[in-house]
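Visitor: I am new to this structure and should be grateful for a close look at one part of it, the open sheet. Please begin at one end and work inwards before turning to the surroundings.

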Amino acid sequence: MSEQVILTETVDRVGVIRLNRPDAMNALNVDIMHAIVEASEAFQEDANIMAIVVTGNEKAFAAGADIKEMQTKPYIEMQQSDWFGHWNRFTAIRLPIIAAVNGYALGGGCELAMMADMIIAGPKSKFGQPEINLGVIPGMGGSQRLTRAIGKSKAMDLVLTGRMIDGEEAERAGLVARLVEDDKVLETAMEIAQTIASKSRPVVMAAKEGVNNAFETTLQQGLLFERRTFHSLFALEDQKEGMDAFSNKRQPEFKDR
């Protein structure tokens, strides 16, 4: 890569990925997309990391996919390379991922935020799927995840008109988990990540898997999956520690096993 398209750091047990193409409003080109995936996988391989925070800058989380990179590509190249297909590796990350959104999260940027497990945003943030204005449709999950997050009617509004919504409307619609002051977005995301980091790593992974499973199964199948997972966690030392700590009115000391 000719530029350092992302910046990564570890803060205690939290891995931070900061998109770093400020001159392009953090537009998602091939380099930055692969860098995000690879950094996330590296954090997951680190047994000390409990959660991942993905963020941009005050102007843009990510203003979309890099249009200049795609505009001349023929169908056969897009289809044969399965363009955007590598994001399946990102959504397969088992650690919780938090998107801290300031500024624009449009097109691919909105879709990247929705791949996270929760979105923290400020009132001035802008979400949208404007692909209709380019003669295409969302390609990184916008028509699917947005519909699941905010419902058919609202998703149709955004996908068919290309209009943007601010953080307040996004929070009301259920897209954003917490709306905080613009200058508190990253701080809040890190606080949430640190709270998660105080839990048991295998239990956190199981909890994330359980919630995600709700989108893939019937209610009865989901309830069975949850119940069997609940049963299995009684094999962990952390379950014994957590319940003993509760009974004895002390803070648990989880060992991630």
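Which strands form a hairpin, how many residues lie between them, and which residue in the turn has a positive phi?

Guide: The model is predicted, so local features are described only where pLDDT is at least 70 and side-chain atom pairs only at 80 or more, whereas totals for chains, interfaces and linings use all residues. Residues are numbered from 1 along each chain as its sequence is written, and side-chain values rest on heavy atoms, without hydrogens or water.

The hairpin is formed by β1 and β2, with two residues between them. In its turn, D12 has a positive phi of about 55°. Strands, here and below, are DSSP runs of E with at least two residues, and helices are runs of H or I with at least four, numbered from the N terminus. Two strands are said to pair if DSSP finds at least two bridges between them. By that rule, β1 and β2 (residues 14–19) are antiparallel partners, joined by six bridges. Two positions show the register: L7 has R18 of β2 as its bridge partner, and T8 stands opposite I17 in β2.

This hairpin opens a wider arrangement. The open sheet has six strands in the order β1-β2-β3-β5-β7-β10, and its pairing is mixed. At its edges are β1 (6–11) and β10 (178–179), each of which pairs on one side only.

Further along the order, the pairing is of the parallel kind. Strand β3 (residues 51–55) runs parallel to β5, and four bridges join them; V54 has A99 of β5 as its bridge partner. On to β7 (residues 118–121), β5 again pairs in the parallel sense over four bridges, and I98 has M118 of β7 as its partner.

The strand β5 (residues 97–101) deserves particular attention. A residue is called buried under 20% relative accessible area, exposed over 50% and partly exposed in between, with a 1.4 Å probe and protein chains only. Five of the five residues of β5 are buried, so this strand is largely enclosed by the rest of the structure. In a regular strand, side chains alternate between the two faces of the sheet. Here I97, A99 and V101 point one way, while I98 and A100 point the other way, and all are buried.

Past β2, the chain enters a loop that leads to α1 (30–45), and N26 is found in this loop. Although N26 is not a glycine, its phi is positive, at about 60°. N26 counts as buried because its relative accessible area is 0%. Another positive phi in a residue other than glycine, near 50°, belongs to D82, which lies in the loop between α3 (75–80) and α4 (87–91).

To place the sheet in its setting, the protein as a whole has twelve helices and ten strands. One of the helices is α9 (residues 185–197). The expected span of a helix is 1.5 Å times one less than its number of residues. The 13 residues of α9 should therefore span 18 Å, and the end C-alpha atoms are indeed 18 Å apart. Its buried residues are V185, T188, A189, M190, I192, A193, I196 and A197. An α-helix has 3.6 residues a turn, so residues three or four places apart point the same way.

Buried residues account for 44% of the 257 residues in the protein. Contact means heavy atoms within 4.5 Å. Among contacts with a separation of 6 or more, 69% join residues 24 or more positions apart. The C-alpha trace spans about 60 × 40 × 40 Å along its principal axes. The radius of gyration is taken over C-alpha atoms, and the globule rule is 2.2 Å times the number of residues to the power 0.38. For 257 residues a compact globule would have a radius near 18 Å, so the 19 Å of the protein agrees with that rule.
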